[in-house]
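The following paragraphs lead the reader through a molecular structure, step by step. Please keep the sequence and the three-dimensional view at hand while reading.

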Protein chains: 4
Amino acid sequence: MTVADQMLATHPKIGSAAAQDILLRCIERCVECAQACTACADACLGEDMVAELVMCIRRNADCADICAATGAVLSRQTEPDAATVRTLLEACRTACASCASECEQHADMHEHCRVCAESCRRCEQACADLLATL
Amino acid sequence: MTVADQMLATHPKIGSAAAQDILLRCIERCVECAQACTACADACLGEDMVAELVMCIRRNADCADICAATGAVLSRQTEPDAATVRTLLEACRTACASCASECEQHADMHEHCRVCAESCRRCEQACADLLATL
Amino acid sequence: MTVADQMLATHPKIGSAAAQDILLRCIERCVECAQACTACADACLGEDMVAELVMCIRRNADCADICAATGAVLSRQTEPDAATVRTLLEACRTACASCASECEQHADMHEHCRVCAESCRRCEQACADLLATL
Amino acid sequence: MTVADQMLATHPKIGSAAAQDILLRCIERCVECAQACTACADACLGEDMVAELVMCIRRNADCADICAATGAVLSRQTEPDAATVRTLLEACRTACASCASECEQHADMHEHCRVCAESCRRCEQACADLLATL
């Protein structure tokens, strides 16, 4: 049981167990993806061919910021605003898809891009799954 | 001329002056609103009637996170992803409107809620204005 | 193997395996603690006795911000600035200790405070361990 | 009167006017510097000579994260923890000095580095001034 899971399970205002699973997965993937994107932007910056990775660094930076905000908003369960959650998940899904597409083009050359792209795809799917329940 | 303005004007990849004005205003209002919401959440927390301000604190926390992410994404002009920018602006506009509505209900009682609501409304408008140009 | 671990192992500029272990643990605990503190602030906000949890919400909010910044800075391994890393780890250790002390006082009453306090203590220790290697 | 100023003046738990001035200046400079560093990292990334700006981008990224966290922590005035504020100001001052030193080396070539270096130096000074009052 992860800490995020325990935090969710001990929250005073929490819904059904099934909704919790999808929510928890989305929180964990947002948090993981934010870290992966921050690390990938920096790893790209450390490569000799940094000039060819400019778009990748940009996509990573945006995706990191948006995943971090989404992970924080989803971690809050007291009086959530449905419209805010929904539009933010849409933005997070879009940022993850955009970053994954870019990272995938460098995945053969750079392992950090491959790992990051997979993390983005998992987060994109988790956002889509959570949106489907709202 | 603000620092944000100078940063935009000295960026190597920048569009027309008119687009710059609307973009700059949106960056500045996101940054201002993020700070105002962080401060308002904390000011509400410091009020004796904190129990009546729970929803306000929650709305402030989300709005602060989303405005901060939006201000950062908009501050980047190298290889932006249009779909990410558009969906994030939608989320920011939504969060600002939601936070403003809540803060407006306490504006007569708490000056910090009045100031914060006005900052949210300005940011909401700036997001809408920028969206209209995309 | 976590994603953070894979990101570290695939970075182009990385030191010895032993240093990596301590660094990785600190990154993961910062990221975990940031989420736990965001969730605990919100869980406290959702409790009937919110007025008694004001200091806890404040400590959580600061600790979340500082852990998030520390996790991001540590995730970057290209051209790190030793003095910045060292002073930030000191701030993170301090914020975690302060938040843990506060959460521990509510741990018997609120499970979320107990889980969060443990996460803060682990992060405090990880910062101290990493500081000892610098 | 800025919004940050109004938020501070309307906070229910606020000290003397003199302390407020120094605090307000530090909040505003942290917020300004975080935005400038985010924009400078991105402007550097958009330059043809990006490979020569790797260290600058790294310093900017760290400084942006730390200034944002510091601006948020300082914006909160309910039950502050003195040790956390002090160590964080130390980290922020250090990050600003390090980023300014690096940006200054490119200030003749890149206007965005000149503007950013000046913003970092102002924030470094504001942190030192606030530290001197604590």
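Helix α3 of chain B is largely enclosed by the rest of the structure, because 20 of its 22 residues are buried. A residue counts as buried here if 20 or more other C-beta atoms lie within 10 Å of its own. It should be kept in mind that the model is predicted. The helix comprises residues 54-75 of chain B, and the distance from its first C-alpha to its last is 32 Å. That span is close to the 32 Å expected for 22 residues at 1.5 Å a residue.

From this helix we may turn to a residue of helix α2. Ala43(B) belongs to helix α2 of chain B, which covers residues 17-45. Is Ala43(B) buried or exposed? There are 31 C-beta neighbours inside 10 Å of Ala43(B), so this residue counts as buried. Which residues does Ala43(B) touch, if those up to four places away in sequence are not counted? One of them, His112(B), lies in chain B, while Thr10(D), His11(D) and Pro12(D) belong to chain D. Along the chain, Ala43(B) and Val54(B) are 11 residues apart, and their C-alpha atoms are separated by 12 Å.

The relation between chains B and D can be described by a superposition. A turn of 180°, with a shift of 0.0 Å along the axis, lays chain D on chain B with an RMSD of 0.0 Å. Within chain D, the C-alpha nearest this axis is that of Val31(D), at 3.7 Å from it. Both copies use the same surface, as 100% of the contact residues of chain D recur in chain B.

Chain D also meets chain A. In this pairing, six residues of chain A are in contact with six residues of chain D. What part of chain A provides the largest share of the side that touches chain D? Helix α3 of chain A, residues 54-75, provides that share with three residues. By character, the residues on this side of chain A are five nonpolar and one charged, with no polar residue.

A superposition relates these two chains as well. Chain A is superposed on chain D, with an RMSD of 0.0 Å, by a rotation of 180° and 0.0 Å of shift along its axis. This is the relation of a two-fold axis. In chain A, Ala51(A) has the C-alpha nearest the axis, 3.2 Å from it. Here too the same surface serves both copies, since 100% of the contact residues of chain A recur in chain D.

Key. Residues numbered from 1 in each chain as written. Chains lettered and ligands numbered in written order. Predicted model: local features only at pLDDT ≥ 70, side-chain atom pairs only at ≥ 80, totals over all residues. Contact = placed C-beta atoms within 7 Å. Helix = DSSP H or I, 4+ residues; strand = E, 2+ residues; numbered from the N terminus. Nonpolar A, V, L, I, M, F, W, Y, C, P; charged D, E, K, R; others polar. Least-squares fit on C-alpha atoms with pLDDT ≥ 70 in both. Expected span 1.5 Å × (residues − 1). Buried ≥ 20, exposed ≤ 12 C-beta atoms within 10 Å, placed from the backbone.
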